[in-house]
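Please walk through the model shown here, beginning with the surroundings of its ligands and ending with the protein as a whole.

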Amino acid sequence: MSSDIVEMARNSGIVGAGGAGFPTHIKLSAKVDTYIVNAAECEPLLRVDQQLMVAFPEKLVNGLQLGMKATGAKRGIIAVKRKYKAAIKKLKQVIKTDSRLEILLLDDVYPAGDEHVLVYEALGKIIPESGLPLDIGVVVNNVYTLINLSEASEGKSIVSRYVTITGAVKNPTTMDFPIGTSIKDAIKAAGGATIDNYGILINGPMMGKAIDPKEAITKLTSGIIVLPKDHFVLKMKNERISSKVIVTKAACIRCQLCTEVCPRFLLGHELYPDKVMRGIAWGAPERPEYMTGTFLCVECGACTYYGCPMGLDPCKMMTEVKEQLRAEGLKNSHNRKVLSIHPEREYRKLPVKRLISRLDLISYNHDCPIQKRKMQVRQVSIPLKQHIGDPAIPIVKVGETVEKGALIGKIPDGSLGAVIHASISGIIRHIGQEIVIEKTK
Ligand code: SF4
Ligand code: SF4
């Protein structure tokens, strides 16, 4: 029954593994026509989704079929980049007995995996501004989310995940880590950093962020990238907003290239990063709706890392303005139905190869072979909030012994959220914003 699948996803703690962290049981409660697998993996340097499709094609297709059963979808589309040839070959074999399923081949462009872009490429339909695929009868799930759904049908909870460790490390790899493993331990597992003065990015150079090695792998961690501390991507992520404002005032040449490459603008949405930058430079916007248009920004980074010839950061400025408007209590009023895309959209797609070169990451674009053995760790620190919604509520106490897979955090009553499980067997050592478990044997 469809409600059993929803319950199964809820009890296993499945959330959107592609980075958004939306609780999957909520998506599965919807009724839709079409189910799309987001198999684009377009963040430069990451490998994990491509590799999982090769390693576990049956699980991916089983997860898709479960998702379709839960939502009543009649059509299932696996949207995958045509360059992922090994994955396509395996998936073709697995789907051939189910006539409802098809494979859609995507170009190697960024951001092919953005939900609005993906749905347009798959169905030729434009999701309204600020809308969801659900608004046009579609559910989109990432590869790993559906593999997790398949594993949930075998009674497994989310206690580990595969992560790509790459950049300046000795043995770039993709490995299975218990949730809560420290980033520092994960880097060690890849042979350690090859440089002394380094910084760390998680989940890709475009939409990812710079983090501290003490932080932990969560259900949403797809990649860890080690780079020299003075690498321009890290410098861009770490630079203070006050400095960015000063440089914007001094250096923005009003060329509009940031807007010209924006994937949402090209889909016909009314957002104009160049006008937001001009508003910041002048101290006041030309029109208020230019500033509220920041609510339509998905922080993909295309304007900053591909568009701007002056090294400015319109992406960060869009985010900052959006956050300030929210803090002032302003609600997003941009929900226009979009009737047509930009006439030049087809010619403005950003080739990933070119993007990697612009990001100065060619020398870090490693293969990262997948290892099937699970990483063993002595201690994990499992955040109570790894998802959209409220943090999980601990149901264990300090000093208690737990077995791997035991429920340790529940969803607060009446809230949006996801349960969490012990990722190793051991003793609960600390409960704060995370639950720390130390191995006993
Ligand atoms: S980050 Fe820039 S390119 Fe991406 S959606 Fe926002 S404004 Fe557009
Ligand atoms: S691309 Fe850069 S310089 Fe050009 S308008 Fe946008 S922020 Fe200004």
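In this predicted model, the element that gives the most to the shell around ligand 1 is helix H16, which contributes 3 residues. Helix H16 spans residues 314-327, and together with helix H15, residues 302-307, it belongs to the elements that each supply at least two residues of that shell. In total 14 residues surround ligand 1, and the closest of them are Cys262, Cys297, Cys300, Cys303 and Cys315. Sorted by class, the shell around ligand 1 holds 11 nonpolar residues, 1 polar residue and 2 charged ones; cysteine is counted as nonpolar in this scheme, a point worth keeping in mind when reading that division.

Ligand 2 can be read in the same way. Its shell is made of 14 residues, with Cys252, Cys255, Cys258, Asp274 and Cys308 as the closest. The elements giving two or more residues to the shell around ligand 2 are helix H11, which covers 257-260, and helix H13, which covers 273-282. By class, the shell around ligand 2 consists of 10 nonpolar, 2 polar and 2 charged residues.

Elsewhere in the chain, a pair of helices can be followed residue by residue. As a rule, two packed helices are described by the angle between their axes and the distance between the axes. For helix H1, residues 2-12, and helix H7, residues 143-152, the axes come within 9 Å and cross at roughly 100°. Angles of 65 to 115 degrees count as roughly perpendicular, and H1 and H7 are therefore roughly perpendicular to each other. Where these helices meet, H1 offers Met8, Ala9 and Ser12, while H7 offers Asn148, Leu149 and Ala152. The contact of H1 with H7 comprises 4 nonpolar and 2 polar residues, with no charged residue taking part.

Turning to the whole protein, the secondary structure amounts to 17 helices and 19 strands. The radius of gyration is 22 Å, close to the 22 Å that the globule rule gives for 441 residues, so the protein is as compact as a globular protein of that length. Along the principal axes, the C-alpha trace spans about 60 × 55 × 45 Å. Of the 441 residues, 49% count as buried. Finally, among the contacts between residues at least 6 apart in sequence, 73% join residues that are at least 24 apart.

Key. Residues numbered from 1 in each chain as written. Chains lettered and ligands numbered in written order. Predicted model: local features only at pLDDT ≥ 70, side-chain atom pairs only at ≥ 80, totals over all residues. Helix = DSSP H or I, 4+ residues; strand = E, 2+ residues; numbered from the N terminus. Rg over C-alpha atoms; globule rule 2.2 N^0.38 Å. Buried ≥ 20, exposed ≤ 12 C-beta atoms within 10 Å, placed from the backbone. Contact = placed C-beta atoms within 7 Å. Near = placed C-beta within 6 Å. Axes fitted to C-alpha atoms, helices over the stretch in contact; angles between N-to-C directions. Parallel < 35°, antiparallel > 145°, perpendicular 65-115°, else oblique.
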